[in-house]
Amino acid sequence: MTLLLEMKNITKKYGDFTANHNINFDVRKGEIHALVGENGAGKTTLMRMLYGMEEPTSGSITINGKEVHFHDPSEAIRQGIGMVHQHFMLFPSFTLAENIVIGGEPKRSGLFDRKAAADKVNELGQMYGMPVDPWRKAGDCPLGIQQRTEILKVLYQGADVIILDEPTGVLTPSEVKELLQSIKRLAAQGKSFILITHKLHEVMEAADRITVLRDGVVTGHMESNTTDEEQISRLMVGRDLIPMSRVANEPGASVMHVQNVTLAGAKGAKPLLDNITLTVRQGEIVGIAGISGNGQSELLQVISGLVQPDSGIVELNGKDVTGESVRAIREQGMAHIPEDRYMWGASREATVLDNGLMGHQHQYKKGGLIQRHKLRKVVDGWVQRFSIKTGSLDTQAQFLSGGNLQKLIAAREFAQNKPFLIAAEPTRGVDVGAMETIHGELLAKCKAGDGILLVSSELTEILTLSDRILVMYEGAIAGELSAAEATEEQISLLMAGGKRKL
Amino acid sequence: ACSSGRSNSEQSASNGSSAEGTGKKLKMALVLPEEIGVNQFFVQMDEGFQKAGKEFGVETKTIQSSDPTAFEQNMRATVAEDYDLIITATFQAEDVLKQVAEENPDKSFAIIDTTVDLPNVRSVGFREYEASYLLGAAAGLATKTNVVGMVAAQDVPLLKKYSEGFKEGLASVNPKAKFLIGYVGSFNDPAKAKELALVQYGQGADFVAGASATSDLGVFEAAKEKNLYTSGQDTDRTVEDPDHVVLSQLKGTDAVAYETVKDFVDGNFKFGTTAYGLKEKGVGLTFVTTDSTSKLSPFIGEEVVNKVKKISDDIIAGKIVVKNPLEQK
Amino acid sequence: MDQLFDVSLFNSMLRIVTPILLAALGGAICARVGLFNVGLEGLVLIGAFSAILGNHLLGNVWLAIIFAILCVMLFSLIFAYISINLRANVIVVGISMNFLAAGLTTFCLRAIFDVKGAYYDKNMMGLPKWDIPVIKDIPVLGGIVSGHSPLVYLAFFAAILMQIYLFKTVSGFRLRAAGENPIAAQSLGIPVRRIQYGAVLMSGVLCGLAGAQLSLGQVTMFTEGMTAGRGFIALVATMLGQSNPIGVVASSLLFGFMDAFSIRLQGFALPAQFTQMLPYIVTLVAMFFFKDRSYLKDAQRANGSSR
Amino acid sequence: MTRLKRNLLALLQPIIAVIIGLLAGAIAIILLGDSVIDTYREMWNGAFGSFYFLTNTLTRATPIILTGLGVALAFRAGFFNMGSTGQMVLGGLAAAITALYLPGPGWMVLIVSLVVGMAIGGLWSLFAGYMDAKFGINLLISTLLLNYIASLFAGYMVAFPLKDQSGSAAMAQTPMIDKSIWLPKLFSGMSLHAGFILAIVAAIALYIFIQKSVSGYEIRMLGNNPFFAAYGGVKRGRMMVVAMLTSGALAGLAGAGEVLGTQHRYLDGALASADYGWSGIMATLLASSNPLGTAVAGILLAALQTGAMGVERNTNVPLEVASVIQAVLTLFVSARFGYAFLKRRKEKK
Ligand SMILES: Nc1ncnc2c1ncn2[C@@H]1O[C@H](COP(=O)(O)OP(=O)(O)OP(=O)(O)O)[C@@H](O)[C@H]1O
Ligand SMILES: Nc1ncnc2c1ncn2[C@@H]1O[C@H](COP(=O)(O)OP(=O)(O)OP(=O)(O)O)[C@@H](O)[C@H]1O
Ligand SMILES: [Mg+2]
Ligand SMILES: [Mg+2]
């Protein structure tokens, strides 16, 4: 295979912080090169330089033997480099077709030919097995579709080297499988991929070569057929990981009960929640699986009091809390790790400290004022325990890498120490080390006799942690399985709308 | 308030002549409560003030203010900066002048266009309503359609001096005539004033008087466009377009400012209140009380001018008493 | 009531609405690239002054209009540079621009024409009134539509053109993209800054025309502060029309109609202050029917949820 | 980069801005053919030249600070309240009416008048908030429109029902308020009144409220990300009431302060024509909605205005140019000549 692209001795500094230090990285034609590492290791930074969004402090980039200097992504795009960003770069009010063709719009008699754009998108979708509805608005689409749109956009741009920054974080197992297959097929056709992911099984399945980063330096380069997941994670984290062990304990009384909850959708559409009944008991983790957009978000919003159900009852600790305010419900005994850390879980402009205070604000209140010193100590404790990488407690949350922010949010909610916890996508985008910490905390909480409702699009996570598994499909519960008997295949089938089969 | 003729409570100012005696150059300030450009009236006053300053070798300074607070600060600052005479003008200045003059009893002040009854203030007021009365009468005699309009700046008491006198004069000669009045809502929106004049034209008016300061220009333009007749304020505006701006109501603020400076320099400066009306030639109407360089429009005609002259004489003689609209409750 | 509703009411409405509409379109295109232009009032004022100045210097209304456009474009470049390059708060810049324009025009009036308050030259020719050949003979319609200054027609034409530009052309599409998500647009290599500059300059052109219509179309003169709040009303029209050219036309027309109507209502015993309030109240009431997107949607955009 | 260096850079930014603003102003002055040094000296003297002029500046700063603080809180909560002018006008009018018609001892009437002014300003602001919360009416538009409505309504009130019948009766204004109800002057013979103390106290109180209190925290989070706030149990409706009410009350206090401390009556157009509302918004935005910063920025803006008056009085530079200089200065002070600007300069070399 021929060397297509080479990054040599790349260093990137932000002020006095070195995000990348002397990194060598290359891509061959037609290969899938995985880039792995802990949160904040510098993966995204490296790729942003390749894509012209940042300029390296020192070092060189060569493509096809020629040295290039990108000042702007359009130059990188012209050189055949495409990037699917970790945080999507879509225009919510535009249609999917518009989002895909932007930058290379088809024209007819001087005007934007939207029909042709839609046709091209359909064609592209067929070709790569990733169909989308070209006329839908991006903002109305589930994350999976948005992800697909991002990939189609890069393909539309005709990229030869495609950077995928954590592309599978929001996809369902079957979508992941499809995506990896598509990638492999495209690689066989001569496209090259740089794949950033925290899921090592994906790396093992798809990658040809692997580069591991830790704290801004390369800690390993290897071929995928000469290594295994343990070795990679050791290089990433710098130690061995302890395998999760789950001890089943006897569930106690109900801590949270949802009875016949219904939530109507838009006029004419199917209800968002269709007569849902479920119970979480003390010392039990109930997992909810499902393709995103099947009512999980709405269910959590109803339970946490953000949305009022049209009918049905929510009980917490034996008390009817339907129609109560979020604050009242939280005080009645609920903590909540939200599914989307940027939308629900944090304020980007606020400091780490202020982000840590949310939900606790009435606990650290004295005479109407916040007890900052006390709070500072507590949040500092979380930073230590979860090894959250942050400049200081006064750093704005937007400067934390996504994984570190996720750890902060999780720490905040564990610290609520409430008998019931909603954990929605608790480890999304989090590295293996941090995942170990969060999973450990979840199990410990369960062992201590609290009830947890776990919502995750990660089937392995659901399977390893849950006592019982509910699968949601189109706003209803499509089936319930016990952890002992459930298999990935069974769940996948229910998620796709298949009938329950025991 | 004092509004009928010269008040007899006049006292002699002592410091006016004494300052001259020392041979030091006198320093006078004209502090205006608004920006000069807003009103033709201020421009005129400033001209009289500057002219007198040049003629009598007085150091003059005209200070404009952007808003009432700024005005108060300017007044106080001129006191602090030790001017010999501080002149100000209009109703807007009353409150501040009362305070400042009371606090500084040994300073000399003058106010034009209203009355402040204090021992160290010379006040010169105008009886504009007498001139408005004449204007209304002229309009009433000249109108062919028996509909006469007026475009005023704002619906505020101040402008009643113009509108009420006008209405009264109009009714006195032509009781059948219909009087329309429109308010621009601003002193400097000629575009809106023009629309208002056009509406009055649409309602049959053949004469629309302008009483909206700078916005009057919009009324004049409407007159030109639709061939109707209009009038201006303060200075002789007929020169601008004698075919359409057929009359102008006059107010001698420049003369008053000039006289004030002159009196102070000559040592004739007296505190107390004075009001200028038709009799004192402080206010007037073109063609009737004062000649104009422009030619008389046939719309008005000699006959009307003569009739209005008669009315003017009657007012001066006291046969007709025009009510001060600000005093009628 | 036949005195209230007549041909001249609608005729006058079209005149009143034109400067507001032009400025509001300028505001809309700025809003489309994410710059909230509070400086419309100042830009229109500069336009009104430079139109008169241009006419005075060049002795030709058409050249005067071009002169006004150039002046306002230059002025709006300051807005662009300080808010785009120097990243100043765009609202502070807008407010400062308004103050700057007020001071500058008054000063130039004094320095160039040596007058205070107003410049008026009875020999100066304003914009011609165009009679539209066939339409002018149609009874009611002719009276309303015909006989306006060319800029009145241009304003409505500009709105249609802008609607087509924004929603049908590729470049308009990219302009909207740059405003909707500048970071994403940048990541695609769309020159966001250049587009923002273009939009600000375009709003300069439109405000220049608005000013010219005010000082050469509606009247033929310049007076200090003659915009009298029209720029702020344009801002309201921009927002009420949700930065959609057609929506902006509708909201400007509503305001213009109410303004023309309130002039006529003055004769009817209501104190002038209340009739003058009418356009503002009706605009407020109109907002019950043309709601902006809810705060939730806006916030959702701003926080750009990812995963 | 060391911390010290970063702090120096942060300090550098406003200094560069002021220097560029002064340079731009200098060009304007030179074009006029006047002396730059004299003009700026008069500007300085007019603003801070003596104790007298300093108090003048602080008097002018008082309503700017108060309206600025009002919008600061609303901005922090994410509500773009552009209605300070209208809230101020109605607050001033209400205070004047109370002061004129409420019987009782002067000090008590004074306090009640201030409170009523605040209440009316607050309610007017809350009305916009209510329409937003209940009917989804864009706050920015509604507050702008409500300004016009408030000013016209107040204009009507003083031109007709409340008109001053005493004196020459030519002004649209209420009668003079009794001396016993005036806000006391801080120094005799100077215009500075107790309203300034209220403004400073309000700035400090608001600072503590926003930065240190739980409600302030909730308001800040609501402004940053309403979803996050909702998730954390912050009630948007309640916070909106708090934010809009306080915001309008501060603007109302600004109006009441002007009426009871400076004009001693409600005078049509006096509050709106001075553009306190816009200056207040500007002060807030210059200070990124920090209450203490808003107070400083308010004094700065007032100094530019009183300085301009000094220039007008004592040089041949007319008021208009002084206001041009003022506008240019604020333009450049608002610019963020941060590190990026300096860096770009370097790169170009
Ligand atoms: N513009 C910036 N300014 C300052 N620090 C930055 C900037 N961009 C990134 N960083 C820091 O650089 C480090 C590397 O970030 P990067 O995004 O490359 O991590 P990553 O490997 O992508 O992590 P993750 O797995 O969480 O995506 C992080 O600690 C981050 O906080
Ligand atoms: N230009 C920038 N200025 C400031 N901060 C930046 C900049 N670019 C990136 N960052 C910050 O650096 C951090 C690391 O980047 P990034 O967002 O890629 O982390 P991450 O990849 O999301 O982490 P995770 O994999 O856990 O999701 C982010 O928090 C991001 O906000
Ligand atoms: Mg990353
Ligand atoms: Mg990541």
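**Exercise 1. Determine how many of the 10 residues of helix α4(B) are buried, and explain what this says about the surroundings of the helix.**

Solution. In this predicted model, seven of the 10 residues of α4(B) are buried, so the helix is largely enclosed by the rest of the structure. The cut-off that this step needs is a relative accessible area under 20%. Going through the helix by name, the buried residues are E94(B), D95(B), V96(B), L97(B), Q99(B), V100(B) and A101(B). The next step is to ask what lies over them: the cover includes, from chain B, helix α3 and the strands β4 (85-89), β5 (108-112) and β6 (121-126), and it also includes α10 of chain D.

**Exercise 2. Describe the second largest cavity by its volume, its lining elements and the classes of its lining residues.**

Solution. Begin with the count, which comes to 11 cavities of 30 Å³ or more. The second largest cavity has a volume of about 150 Å³, and of the 15 residues that line it, those closest to its centre are Q92(B), D95(B), V96(B), Q263(D) and L267(D). Next, assign the lining to elements: α3 (68-80) and α4 (94-103) of chain B, together with α10 (236-263) of chain D, each supply at least two residues, and α4(B) gives the most, with four residues. Finally, sort the lining by class, which yields six nonpolar, five polar and four charged residues. D95(B) and V96(B) thus appear both among the buried residues of α4(B) and among the residues closest to the centre of this cavity.

**Exercise 3. Work out whether E150(A) is buried or exposed, and find which backbone atom lies 2.6 Å from a polar atom of its side chain.**

Solution. First place the residue: E150(A) belongs to helix α5 of chain A, which covers residues 143-156. Because its relative accessibility is 0%, E150(A) counts as buried. Then look at its neighbours, where, leaving aside residues up to four places away in sequence, E150(A) touches V84(A), F88(A), M89(A) and L90(A). Of these, M89(A) supplies the atom sought, since its backbone nitrogen lies 2.6 Å from a polar atom of the E150(A) side chain.

**Exercise 4. Classify E259(B) by its accessibility, and state how far it lies from L296(B) in sequence and in space.**

Solution. E259(B) is found in helix α9 of chain B, residues 253-266. With a relative accessibility of 33%, E259(B) counts as partly exposed, because that class lies between the 20% and 50% limits. From E259(B) to L296(B) there are 37 residues in sequence, and their C-alpha atoms are 30 Å apart in space.

**Exercise 5. Take the spans that UniProt lists as "transmembrane region" in chains C and D, and describe the modelled chain over some of them.**

Solution. For chain C, the unreviewed UniProt entry lists several such spans, including residues 12-31 and 38-55. In the model, residues 12-31 of chain C are 100% helix and 0% strand, with end C-alpha atoms 29 Å apart, while residues 38-55 of chain C are 89% helix and 0% strand, with ends 28 Å apart. For chain D, the spans in the unreviewed entry include residues 82-101 and 190-210. Residues 82-101 of chain D are 90% helix and 0% strand, and their end C-alpha atoms are 31 Å apart; for residues 190-210 of chain D, the figures are 76% helix, 0% strand and 33 Å.

**Exercise 6. Find which pair of chains shares the most contacts.**

Solution. Five pairs of chains are in contact, and among these chains C and D share the most contacts. Chains A and B, by contrast, are joined by no contact, and their closest C-alpha atoms lie 39 Å apart.

Methods. Residues numbered from 1 in each chain as written. Chains lettered and ligands numbered in written order. Predicted model: local features only at pLDDT ≥ 70, side-chain atom pairs only at ≥ 80, totals over all residues. Heavy atoms only, no water. Buried < 20%, exposed > 50% of the residue type's maximum accessible area, 1.4 Å probe, protein only. Polar contact = N/O pair within 3.5 Å; in protein donor to acceptor, adjacent residues only side chain to side chain. Contact = heavy atoms within 4.5 Å. UniProt positions renumbered as here; feature names shortened; annotations may be inferred. 1 Å grid on protein atoms, 1.4 Å probe; cavity = no way out; pocket = protein on both sides within 12 Å on 5 of 7 lines; lining within 4 Å. Points joined across faces, edges and corners; volume = space filled by probe spheres on them. Nonpolar A, V, L, I, M, F, W, Y, C, P; charged D, E, K, R; others polar.
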